[in-house]
Amino acid sequence: MARFTDITSQVCRDLERPGLVAAALWTDFDQDGWTDLILAGEWMPLTFFRNNQGKLENVTSSTGLENYTGWWNSLTAADFDKDGDMDYAAGNFGLNTHYKVSQDQPMRITALDFDRNGTLDPVCSYYVQGKSYPVYHRNLLLQQIPSLKNKFKTYEAYARATFEDIFPENTLKDAYIRDSRFFASAWIENLGQGSFRMHALPVEAQIAPVFGMLANDYDADGNMDLLLTGNSYSSNVYDGQHDASVGLWLKGDGRGGFTPVPGRESGFFVDGDAKALAELVLGDGSSLILAAQNSGYLKVFKTAGSEAKIIRLRNDDVSAVLTFENGRKERREFCYGSGYLSQSSRVIRLPEGVSSLIITNYKGETRKITNHNH
């Protein structure tokens with residue numbers, strides 16, 4: 001009989017309570033040969049764990065991204081600027097919402113047993129014209145914390161009260177407090193030496209929450225593109241659904257720039273409560289894009305002219321370096337868990353002009369394959 005022992009505290013104490021995690025990506029972000037971990041989740045920054053020979057160390061504070069807390073949903077990896085290291089794309093809540101956040105005016109969640117009935121009462125707040133107010137209207141908050149009825153007997157009194165008026169700072173000593181300061185879906189440029197730079201994706205990618213993400217070269221121009229799906233039907237009745245997305249192809253330029261391609265041109269159209277997005281590579285090298293939707297149909301797309309030379313990977317392969325006929329080199333990684341609750345086929349699609357590639361497994365063992373004998 002198999003027996004399992006929880007050794008999280010021995011590997012990394014910060015993973016015992018990492019936050020409201022929505023996605024995880026195993027990737028070698030510092031290219032030291034050890035596979036690292038990146039987490040995405042709500043009320044937290046993209047969290048980076050460096051693999052130090054089997055022990056994971058939280059290095060988020062040194063990445064330059066520690067203040068970009070958001071409602072992150074998904075992660076994927078690709079070399080978007082073609083500089084030889086792995087960059088990342090992350091789906092976030094988006095900007096098409098009345099909750100406006102910034103570094104100095106975040107949205108915040110404060111959880112405490114305010115009415116002392118033995119359960120935590122989470123209260124969200126956000127800034128309006130420089131002052132922080134609870135998200136909830138009076139009836140909803142007083143239903144959760146009845147003791148406030150005596151303090152705010154009228155709707156007018158409640159409407160004028162800021163968060164600090166309702167919950168003075170001296171009452172929040174033991175409260176659980178987290179914030180979100182950045183809601184844009186973004187691509188993250190790898191600057192090397194464990195440092196990164198955040199770049200918001202074009203405005204067309206910000207009209208709804210982004211969940212499904214795929215990174216690949218879908219027009220065979222040698223540059224990595226992005227496919228995105230999203231929307232959220234799980235919002236409360238006061239906010240309404242976040243459902244403006246119909247799916248999006250972002251055409252990459254190989255320098256970190258992306259051009260949105262309308263659905264009427266790309267044919268990529270996913271307008272439901274879209275979540276997982278995965279790519280299934282068939283035996284002839286063609287691809288099927290699978291888009292899952294809550295309470296909806298699975299949509300399947302085939303990319304025109306997607307047939308290409310492919311190499312199917314072994315289970316322990318983690319990365320490859322492609323060498324082109326002109327001498328240029330490109331790095332690829334084969335991540336598990338890419339996107340949102342998704343996993344695509346583990347293959348290498350060979351672009352035009354590749355002369356050879358070197359594949360590395362998790363043990364550091366390599367094998368070289370030339371294009372004429374793949």
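**Exercise 1.** Are arginine 349 and glutamate 279 buried or exposed?

*Solution.* The structure is a predicted model. Begin with the contact itself: arginine 349 and glutamate 279 form a salt bridge, in which the closest N and O atoms are 3.1 Å apart. Next, place the two residues along the chain. Arginine 349 belongs to strand S24 (residues 347-349) and glutamate 279 to strand S18 (residues 273-281), and the pair links distant parts of the chain, 70 residues apart. Finally, consider accessibility: buried means under 20% relative accessible area. Both arginine 349 and glutamate 279 are buried.

**Exercise 2.** Determine which parts of the chain are tied together by the salt bridge between aspartate 30 and arginine 50, and describe the accessibility of aspartate 30 and of arginine 50.

*Solution.* The side chains of aspartate 30 and arginine 50 meet at 3.1 Å, N to O. Aspartate 30 is located in the loop between strand S1 (20-27) and strand S2 (36-44), whereas arginine 50 is in strand S3 (residues 47-52); the pair therefore ties together parts that are 20 residues apart in sequence. For accessibility, the partly exposed class lies between the limits of 20% and 50%. Aspartate 30 has a relative accessibility of 24% and so counts as partly exposed. Arginine 50, at 28%, likewise counts as partly exposed. As a last step, look beyond the pair: Asp30, Asp32 and Arg50 are linked in a network of salt bridges.

**Exercise 3.** Locate lysine 251 and aspartate 221 in the chain, and assign an accessibility class to lysine 251 and to aspartate 221.

*Solution.* A salt bridge joins the side chains of lysine 251 and aspartate 221, at 2.8 Å from N to O. Lysine 251 lies in strand S16 (residues 248-252), and aspartate 221 in the loop between strand S14 (210-216) and strand S15 (225-230), so parts 30 residues apart in sequence are tied together by the pair. Lysine 251 has 29% relative accessibility and counts as partly exposed. Aspartate 221 is also partly exposed, its relative accessible area being 33%. For the wider setting, a search of the whole structure finds 17 salt bridges.

**Exercise 4.** Which strands form the edges of the sheet with the order S23-S22-S25-S26?

*Solution.* First, read the arrangement: the sheet is open, has four strands and shows antiparallel pairing. The edge strands are S23 (329-333) and S26 (366-370), each of which pairs on one side only. From one strand to the next, the twist averages 20°. Then examine the pairing of S26: strand S25 (residues 354-361) joins S26 in the antiparallel sense over five bridges. At residue level, isoleucine 359 has arginine 367 in S26 as its bridge partner.

Note on methods: Residues are numbered from 1 along each chain as its sequence is written. This is a predicted model: local features need pLDDT of at least 70, side-chain atom pairs count only at pLDDT 80 or more; totals for chains, interfaces and linings use all residues. Side-chain values use heavy atoms; hydrogens and water are left out. Two strands pair if DSSP finds at least two bridges between them. Helices (H or I, at least four residues) and strands (E, at least two) are DSSP runs, numbered from the N terminus. Axes are lines fitted to C-alpha atoms, for helices over the stretch in contact, and angles run from 0 to 180 degrees between N-to-C directions. A salt bridge is a side-chain nitrogen of Lys or Arg within 4 Å of a carboxyl oxygen of Asp or Glu. Buried means under 20% relative accessible area, exposed over 50%, partly exposed in between (1.4 Å probe, protein chains only).
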